[in-house]
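Hi everyone, thanks for coming. I'd like to walk you through one structure today, starting with how its helices pack and then moving on to its charged pairs.

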Amino acid sequence: MDKLVIDGGVPLKGTVPVSGAKNAALPLLMATIVAPGEHRIANLPELADVESMLSLLGRIGCPSLMGPIVRIDTSRVAWCEAPYDLVRKMRASVLALGPLLARCGEAHVSLPGGCAIGVRPIDQHLRGLEALGCEFQMDNGYVHGKVKALKGAHMRLDMPTVTGTENILMAAVLAHGDTTIENAAAEPEVEELGAFLNSLGAKVEGAGTATIHVQGVTSLVPATRPWHILPDRIEAGTYLVAAAITGGDIRCENARADHLAPVLDVLRAAGCGVETGDDFVRVWRNGPVTPVDITTAPHPGFPTDMQAQLMALLSLANGSSQIRETIFENRFMHVAELLRLGARIDINGNLATVHGVPELSGATVMATDLRASASLVLAGLAARGRTEILRIYHLDRGYEHLAEKLRGVGANVQRGQEGRPVTHIVSA
Ligand code: EPU
């Protein structure tokens, strides 16, 4: 297994190009199922999760051709199944449910189960699809769905689930009649999916707000022009925190400042300089890190996917910060590892109190999930001495060319193999 070796303490300076958004790419790839034919997608990030989604499409009978513009042929759907070996690797495979039901009238999707960050049930996905006329049965760890004819419905979700909203939306576009989803997730990735579906001929309004209206259509066709995936706000946010935590200055190119607003507010409050333009965001820090209290919330609140990274930064503040996690019940897995790097953090239920320390010191730590891993990388970049991060396959799921991009802004970071020493680190 690969590890990441970081010699920390260097202020990172320069420009980082932001990749296409993982959490926009995954539903969008599944959405190609609802419009038979050849789709062309640009700015698809090279990530393990994207590869898994393309494998799932391949299993269903929809081959893809890689390149700067990825081609996916959904002319034929041979199987309506998302098997356990793929869902186990990536929970987002559950996004096959809505599109397969819409396209084939049936779907067999392995139940995703829990994961490192929590139980993560899919009851809202199923309830929403049931409102559209689908019927479900659980059997042998699978959810088996079928529907004769999808019909529009008015529904209110118990919580604004992101992939739940996306699953329901991908089915509703081909339902007979109108659908309204209230308390829908308003994340930019949901807005992107709505816009993509509209490019196929769907009639979706309000995606990216709490109320989505869909006028069902009878068929959809691939767009004539390639779809360009929006920039990854969480990847951009992570590099901006890298500038903040190392006392550096990073400009993220292709970043959307509007999508990063709650993160930029926290960085300003923590003592960072922030500059934004049409397609870039720049963050720098010269003075001390000041403590900030954070509560995660659905968009447009502070994203849970940035909580671990900000905790790494606030572990170096000149005072105590409180971080409350309200989205997932088990998203403090990074805390025990941050403690090994010298941070002082107490946890009480979903509340972490981060007592700032003057410095962190390098150690060997273990990555547990994607964003927890990112926070360890950030802490390692700021820490005195060498940090080795094990199990970095989590990072490969969501950060394209991470080591290269970090070296591009001056970090001393290298990939190596667990159990083997890395003696020489070359920065770019
Ligand atoms: N929930 C239910 N029932 C449901 C659906 C969700 O109880 O039917 C609960 C979840 O257990 C959780 C909360 O609702 O406590 C919110 O979960 P949500 O469904 O919104 O999360 P998700 O759709 O599974 C997506 C992202 C996550 C991101 C969350 C929250 C994708 C592929 N994944 O997950 O991204 O953290 O929204 O914004 O879009 C990541 O990229 O590292 C990541 C975990």
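Let me begin with a cut-off: angles under 35 degrees between two axes count as roughly parallel. Please keep in mind that what you see is a predicted model.

Now, how do helix H8 and H10 sit relative to each other? H8 covers residues 233–246, and its axis comes within 10 Å of the H10 axis, with a crossing of roughly 5°. H8 and H10 are therefore roughly parallel to each other. On the H8 side, the contact is made by Ile-234, Thr-238, Val-241, Ala-244 and Ile-245, and on the H10 side by Gln-309, Leu-310, Ala-312 and Leu-313. Sorted by class, that contact has 7 nonpolar and 2 polar residues, and no charged ones.

Let's stay with H10 for a moment, which runs over residues 307–314. How many of its residues are buried? The count is 8 of the 8, so H10 is largely enclosed by the rest of the structure. The buried residues are Gln-307, Ala-308, Gln-309, Leu-310, Met-311, Ala-312, Leu-313 and Leu-314.

Helix H4, residues 97–104, is mostly covered, with 6 of its 8 residues buried. Among those buried in H4 are Leu-97, Pro-99 and Leu-101. Right after H4 comes Gly-105, and its phi is positive, near 80°.

Here is a second helix pair for you. H11 (residues 333–340) and H12 (residues 370–382) pack with their axes 9 Å apart, at an angle of about 20°. That angle makes H11 roughly parallel to H12. The crossing of H11 past H12 is right-handed. In H11, the residues involved are His-334, Glu-337 and Leu-338, and they meet Ala-372, Ser-375, Leu-376 and Ala-379 in H12. By class, this contact of H11 with H12 has 4 nonpolar, 2 polar and 1 charged residues.

On to the charged pairs. Side chains of opposite charge can pair when their charged atoms come close. Searching the whole structure turns up 19 salt bridges, and I've picked out a few.

Take Glu-388 and Lys-3: they form a salt bridge in which the closest N and O atoms are 2.9 Å apart. This pair links distant parts of the chain, as Glu-388 is in strand E23 (residues 386–390) and Lys-3 is in strand E1 (residues 2–7), 385 residues apart. Are these two buried or exposed? Both Glu-388 and Lys-3 are buried.

Next is Glu-38 with Arg-71, a salt bridge with its closest N and O atoms 2.9 Å apart. Glu-38 belongs to strand E3 and Arg-71 to strand E5, with their positions 33 residues apart in the chain. Glu-38 counts as partly exposed at 43% relative accessibility, and Arg-71 counts as partly exposed at 34%.

My last example is the salt bridge between the side chains of Asp-396 and Arg-415, at 2.9 Å from N to O. Asp-396 lies in helix H13 (residues 393–398) and Arg-415 in strand E24 (residues 412–417), so the pair ties together parts that are 19 residues apart in sequence. Asp-396 is partly exposed at 27% relative accessibility, and Arg-415 is partly exposed with a relative accessible area of 36%. Which residues are linked in a network here? Asp-2, Asp-396 and Arg-415 are linked by salt bridges in a network.

That's my tour, and I'm happy to go back to any part of it.

How values were computed: Residues are numbered from 1 along each chain as its sequence is written. This is a predicted model: local features need pLDDT of at least 70, side-chain atom pairs count only at pLDDT 80 or more; totals for chains, interfaces and linings use all residues. Side-chain values use heavy atoms; hydrogens and water are left out. Axes are lines fitted to C-alpha atoms, for helices over the stretch in contact, and angles run from 0 to 180 degrees between N-to-C directions. Helices (H or I, at least four residues) and strands (E, at least two) are DSSP runs, numbered from the N terminus. Angles under 35 degrees count as roughly parallel, over 145 as roughly antiparallel, 65 to 115 as roughly perpendicular and the rest as oblique. A crossing is left-handed if the near helix is turned anticlockwise from the far one by less than a right angle, and right-handed if clockwise. Contact means heavy atoms within 4.5 Å. Ala, Val, Leu, Ile, Met, Phe, Trp, Tyr, Cys and Pro count as nonpolar, Asp, Glu, Lys and Arg as charged, and the others, Gly among them, as polar. Buried means under 20% relative accessible area, exposed over 50%, partly exposed in between (1.4 Å probe, protein chains only). A salt bridge is a side-chain nitrogen of Lys or Arg within 4 Å of a carboxyl oxygen of Asp or Glu.
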